[in-house]
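Me: I'd like a close look at one helix in this model, what it packs against and what its charged side chains are up to. Please add how the rest of the chain is put together, in plain words.

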Amino acid sequence: MSNRPLGCTVAQNAAKKALDGTITYDQQDCQAFVERCVIDTGGKMAYAGSNDMYRHACTWLGTIQEARAQGKLTPGALLFIHAFDGGEPDRYKGDGKGNASHVGLYCDVDSVEVAHSGKSVGHVAPSTLSRGWTHVGLAREIAYDAAGAPEPVIGTAVVATESGALNIRQQPSKSAGIVGKLPRGATVDVIEDGEGWASVLYGGVTGWASKDYLRITWADGSGGGNEGQGEGGGDGEPTAGEPGVWIPCRTVDEARAIVAMLDALAGGALAKGGANHAGD
């Protein structure tokens, strides 16, 4: 992603505004203040509230304790006040991610630890981590120093399973642990290209997904990955409880060729009974 301001620059801009204190909450609420700090330092950012930011802006998201332990509490990081209190907008109810009721910026600049636009104080003002902040997020629109730097986005991909979700795994291997799911039709950021796999970012979760089920457009405009004609989701695992024999395949086209060969040998019995070839 180009034109990303440095986190330290965003933090300096935010701290200056907090010390000035002339921007009212009516002029810029918490989300608008964060966005304005990014825009004023040469970047772009636009979300539909703090809950939207919590769900979609972050390449890394964790508690303040986790951020400290992993070196992610860095100037320009997003800060959230988060709780499972049912106060999130209706469109987010039921997604299990709770309510991010407030957002600010970690500064660590001079006397300003945190900068935010607070409804209770009525304007942009300094704050401290002890004032209820619970979570830290690294925004994709900001370039952080050292360990806090988000991975560069090298392309985008559309999840092209015919049904079901696609697994996000810790490593580019079917034996690696599953860290998330990509819904059919979702658009995701690609941050690394691998042999048969792509490292993707979706909803704050980063991991590896099979390229057999991704229609990729690289940053230079070229395409890659599979056309996504496979049936079902997953990434190469049979659905529990379904009878049959599991034959590992490298690509969907290879799976179709094997099914066609077996169907011919069986005199069309597979076509009558149906065949399931899902994932990688």
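Reply: Let's start with helix α2, residues 30-40, whose buried residues are C30, Q31, F33, V34, E35, C37 and V38. Buried here means under 20% relative accessible area, exposed means over 50%, and partly exposed is in between, with a 1.4 Å probe and protein chains only. Helices (H or I, at least four residues) and strands (E, at least two) are DSSP runs, numbered from the N terminus. Before going further, note that this is a predicted model, in which local features need pLDDT of at least 70 and side-chain atom pairs count only at pLDDT 80 or more, while totals for chains, interfaces and linings use all residues. Residues are numbered from 1 along each chain as its sequence is written, and side-chain values use heavy atoms, with hydrogens and water left out.

What do those buried α2 residues pack against? Their partners are α1 (7-20), α3 (50-56), β2 (78-83), β3 (99-109), β4 (112-118) and β5 (123-127). A contact is counted when heavy atoms are within 4.5 Å. Just after the helix comes G42, with a positive phi of about 100°.

Now the charged side chains of α2. D40 and R36 form a salt bridge, at 2.9 Å from N to O; the term requires a side-chain nitrogen of Lys or Arg within 4 Å of a carboxyl oxygen of Asp or Glu. Both residues sit in α2, four residues apart, about one turn of the helix. D40 is partly exposed at 39% relative accessible area, and R36 is also partly exposed, at 33%. K17 comes in as well: K17, R36 and D40 are linked in a network of salt bridges.

The sheet that α2 leans on is an open one of six strands, in the order β1-β6-β2-β3-β4-β5, with antiparallel pairing. Its edge strands are β1 (58-63) and β5, each pairing on one side only. From one strand to the next, the twist averages 30°. Two strands count as paired if DSSP finds at least two bridges between them; β2 and β6 have three, in the antiparallel sense. F80 stands opposite H135 in β6. Two helices to look for here are α1 and α2. α1 packs on the sheet by touching β3, β4 and β5, and its direction makes about 100° with that of β3. α2 touches β2, β3, β4 and β5, and its direction makes about 40° with that of β3. For such angles, axes are lines fitted to C-alpha atoms, for helices over the stretch in contact, and the angles run from 0 to 180 degrees between N-to-C directions.

Away from α2, there are other charged pairs to look at, since a search of the whole structure finds five salt bridges. One of them joins R140 and D189, at 2.1 Å from N to O. That pair links distant parts of the chain, with R140 in the loop between β6 (135-139) and β7 (155-159) and D189 in strand β10 (residues 187-193), 49 residues apart. Both R140 and D189 are buried. Another salt bridge joins D193 and K211, with the closest N and O atoms 2.8 Å apart. D193 lies in β10 and K211 in the loop between β12 (205-210) and β13 (214-218), so this pair ties together parts 18 residues apart in sequence. D193 is partly exposed at 41% relative accessibility, whereas K211 is buried at 16%.

D189 also has a place in the strand pairing. Its bridge partner in β11 is L201, and β10 and β11 pair antiparallel over four bridges. These two strands form a hairpin with three residues between them, and G196 in the turn has a positive phi of about 80°. β11 (residues 197-202) is mostly covered, with five of its six residues buried. On to β12: six bridges join it to β11, antiparallel, and A198 has A209 as its bridge partner there.

As for the chain as a whole, it has six helices and 14 strands, and 46% of its 280 residues count as buried. Among contacts between residues at least 6 apart in sequence, 62% join residues at least 24 apart.
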